[in-house]
Structure formats: structure tokens, C-alpha cells
Amino acid sequence: VDLKAGRAVTFVGTPCQCAAVRKLFGDPDRLTTIDLVCEGVPSRRMYADFLDDLERERGERVTDFRFRDKRGGWSTKNALVLGEGGRQLEEQSHSYYYYYYYWLFSKALILRGSCYECPYACGERVGDVTVGDLWGAETAELGYGLPDFEAGISCVLVSSERGEAMLADASSEMGLRPCAEGDISRANMALRHPSTCDLEERKAVLAAYAERGADGMRGEYERLFGPEERCRADVAANMPLPIRVLAKRAKSSLRGLI
């Protein structure tokens with residue numbers, strides 16, 4: 001409607017959504033698309049069942065669930081659950097440890113089938129601009145310090161003249177630094193290829209869910225993500241940021257020597 005009325009429109013979405021918008025409306029000068037670095041879209045039905053399960057456990061309605069609450073900084077994976085009136089029901093130190101849906105998603109076991117063959121998970125982007133997290137910023141040697149890592153660092157890729165113009169208009173409001181495409185894509189798998197997973201594990205998760213719903217998801221999570229793995233994940237999640245950065249840099253250096 002806005003495009004037909006002659007208004008400028010900026011559409012933000014997953015790469016496949018941006019491609020669909022271009023397919024529907026062509027490439028008018030008034031349309032700018034921003035695609036996200038997307039690793040895949042999980043099942044909404046599974047998420048709804050997970051929330052229903054959570055509400056049954058807590059005995060009250062969940063109004064907001066944040067898998068990565070950023071009040072503690074960008075690098076945390078803390079989950080936050082809110083109830084009626086925005087009241088905090090609980091806060092957990094690591095989403096993996098307590099919430100099976102998030103772990104299954106993070107292991108790419110509950111994505112849509114098309115996501116594993118996504119033609120847009122590559123370096124050639126469909127949007128005028130691509131935005132995402134700059135995973136691996138700690139080891140990219142771009143001059144960032146601990147305050148930057150705490151606040152969060154994003155990546156921006158420009159794929160068209162329209163995108164360049166948009167970035168130029170917004171540059172005064174952002175702290176931009178040049179970065180090689182390889183430094184961005186190294187830790188952003190979705191800029192190189194679609195998500196992958198253990199197909200047998202995915203098959204087992206889907207079968208358990210089809211048979212027992214949320215209880216099936218929980219059972220497969222507990223089977224695949226054992227106590228020792230949970231303990232290691234919890235330790236890593238609660239590691240102070242300076243130690244975490246040093247650990248990542250040491251790990252990167254060791255990989256370079258092998």
C-alpha cells in the first residue's frame with residue numbers, strides 16, 4: 001500500500017522474506033530491504049507448546065520470554081521470563097541449561113525443512129543491507145576492547161548503491177569500523193552455507209514431539225544434552241567477560257598453530 005502510494009519503504013526480515021518482497025513488488029527506487037544473518041527459522045508450533053508447558057510448570061501466564069536478556073551485556077545468554085504486568089517470574093543463568101526449546105533450536109534440530117537447503121545462506125546477499133552479530137569479534141583484531149564487547153558489536157554488509165546511501169545517511173549515529181568480509185563470515189556460518197544438524201537426532205526429536213508434544217521435546221533434550229554437558233555450558237556461561245575473551249583468543253591462537 002505504501003509503495004503504491006509513492007512512499008519510501010524499508011523492509012527488514014530474513015533473507016527469504018526480503019526475496020519474497022522483491023518478487024512481489026520488483027525493485028522500485030522507493031523500496032530498501034535489510035536482511036538478517038539468519039541461521040534458520042524454528043517451528044512456531046513447537047515454541048507455542050513450549051510456552052504452554054512453561055506456564056503449566058509455573059502456574060501462571062507467561063507474557064514475555066527472552067532467550068537472551070541483554071541487561072547483563074551482549075555476550076550473555078541469560079533467559080528472562082515475565083508474567084502479567086511485566087512481573088519477572090524467573091531469570092536463569094543460561095538458556096541452554098534450563099530451556100529445552102532453546103537448546104534444540106541452537107543445535108538446529110527444529111528448523112523448518114527448507115532452512116537446511118536455504119539458497120540465501122551465502123555471501124551473495126539478497127538485501128540492500130545485511131545486519132547481524134559480529135561473532136568472533138574478540139579474535140578479529142579490530143581494536144575493540146572489553147566495553148565494546150560488553151555493549152555488543154554488530155556487522156553491516158552493503159550489497160547495493162541503495163544500501164550504501166542508507167548507510168551513509170545513518171553513519172553519524174553509528175561507530176563504524178572497516179572489517180574484512182572474511183572476518184565477518186568466519187564465525188557467521190549463515191554467510192557461507194545453510195545450517196546443518198545431525199539428521200538422525202532431528203528425526204528422533206520430531207518423532208518424539210509428534211508422539212508426546214512438549215514432553216517429547218524435553219525427553220530428547222535430556223537424552224542428547226547430558227548432565228556433564230550442561231555443567232560445562234553453565235560454567236562457560238557464567239565465566240567473567242575478561243576471562244571469556246582471553247579463552248577465545250587462546251583457542252583461536254591454538255587453532256592457528258595446528
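1. A good place to start is strand 7, which has two unlike faces: Cys155 and Leu157 make up the covered one, while Ser154, Val156 and Val158 sit on the uncovered one. Helices and strands here are DSSP runs numbered from the N terminus (H or I with at least four residues for a helix, E with at least two for a strand). Please keep in mind that this is a predicted model, in which local features need pLDDT of at least 70 and side-chain atom pairs count only at pLDDT 80 or more, whereas totals for chains, interfaces and linings use all residues. Residues are numbered from 1 along each chain as its sequence is written, and side-chain values use heavy atoms, with hydrogens and water left out.

2. Strand 7 has a partner in strand 6, and the two pair in the antiparallel sense over 5 bridges. Pairing of two strands calls for at least two bridges found by DSSP. Within this arrangement, Asp133 stands opposite Ser154 of strand 7.

3. Strand 7 also contributes to a pocket. The second largest pocket has a volume of about 360 Å³. Of its 17 lining residues, Ser154, Val156, Gly175, Leu176 and Arg177 are the closest to the centre. Strand 7 (residues 154-158) gives the largest share of the lining, 4 residues. On a 1 Å grid over the protein atoms alone, a pocket is an open set of points where a 1.4 Å probe fits, with protein on both sides within 12 Å along at least five of seven lines, and lining residues have an atom within 4 Å of a point. Grid points are joined across faces, edges and corners, and the volume is the space filled by probe spheres set on the points.

4. What classes of residue make up that lining? The lining of the second largest pocket has 12 nonpolar, 3 polar and 2 charged residues. Ala, Val, Leu, Ile, Met, Phe, Trp, Tyr, Cys and Pro count as nonpolar, Asp, Glu, Lys and Arg as charged, and the others, Gly among them, as polar. Arg177 deserves a second look, as Arg177 lies over the face of Tyr144, at 4.3 Å from the ring centre. For such a contact, NZ of Lys or CZ of Arg must be within 6 Å of the ring centre and within 35 degrees of the ring normal.

5. Now to another set of strands. Strand 4 (residues 79-82) sends Ala79 and Val81 one way and Leu80 and Leu82 the other way, and all are buried. Buried means under 20% relative accessible area, exposed over 50% and partly exposed in between (1.4 Å probe, protein chains only). Strand 4 pairs in the antiparallel sense with strand 3 over 3 bridges and with strand 5 (residues 88-92) over 4 bridges. Leu80 is the bridge partner of Arg66, and Glu91 in strand 5 is the bridge partner of Leu80. The hairpin of strand 4 and strand 5 has 5 residues between the strands, with Gly85 at a positive phi near 70°.

6. The aromatic side chains are worth a tour. There are 16 aromatic pairs in the structure. Phe65 and Tyr99 form an edge-to-face pair, 4.9 Å centre to centre and with 85° between the planes. This pair links distant parts of the chain, with Phe65 in strand 3 (residues 64-66) and Tyr99 in the loop between helix 3 (95-98) and helix 4 (100-106), 34 residues apart. Both Phe65 and Tyr99 are buried, and both belong to one aromatic cluster with Tyr47, Phe50, Phe67, Tyr100, Tyr101, Tyr102, Trp103, Tyr221 and Phe225. Rings of Phe, Tyr and Trp (its six-membered ring) pair if their centres lie within 6.5 Å; planes under 30 degrees apart count as stacked, over 60 as edge-to-face and the rest as tilted.

7. Two backbone angles merit a check. Most residues other than glycine have a negative phi. Ala108 has a positive phi near 60°, in the loop between helix 4 and strand 6 (129-133). Glu141 has a positive phi of about 55°, in the loop between strand 6 and helix 5 (146-151). Are these two residues buried or exposed? Ala108 counts as buried because its relative accessibility is 7%, while Glu141 counts as exposed because its value is 77%.

8. Lastly, a distance to check: Asp53 lies in helix 2 (residues 44-58) and counts as buried, at 6% relative accessibility. Asp53 and Asp215 are 162 residues apart in sequence and 8.3 Å apart in space, C-alpha to C-alpha.
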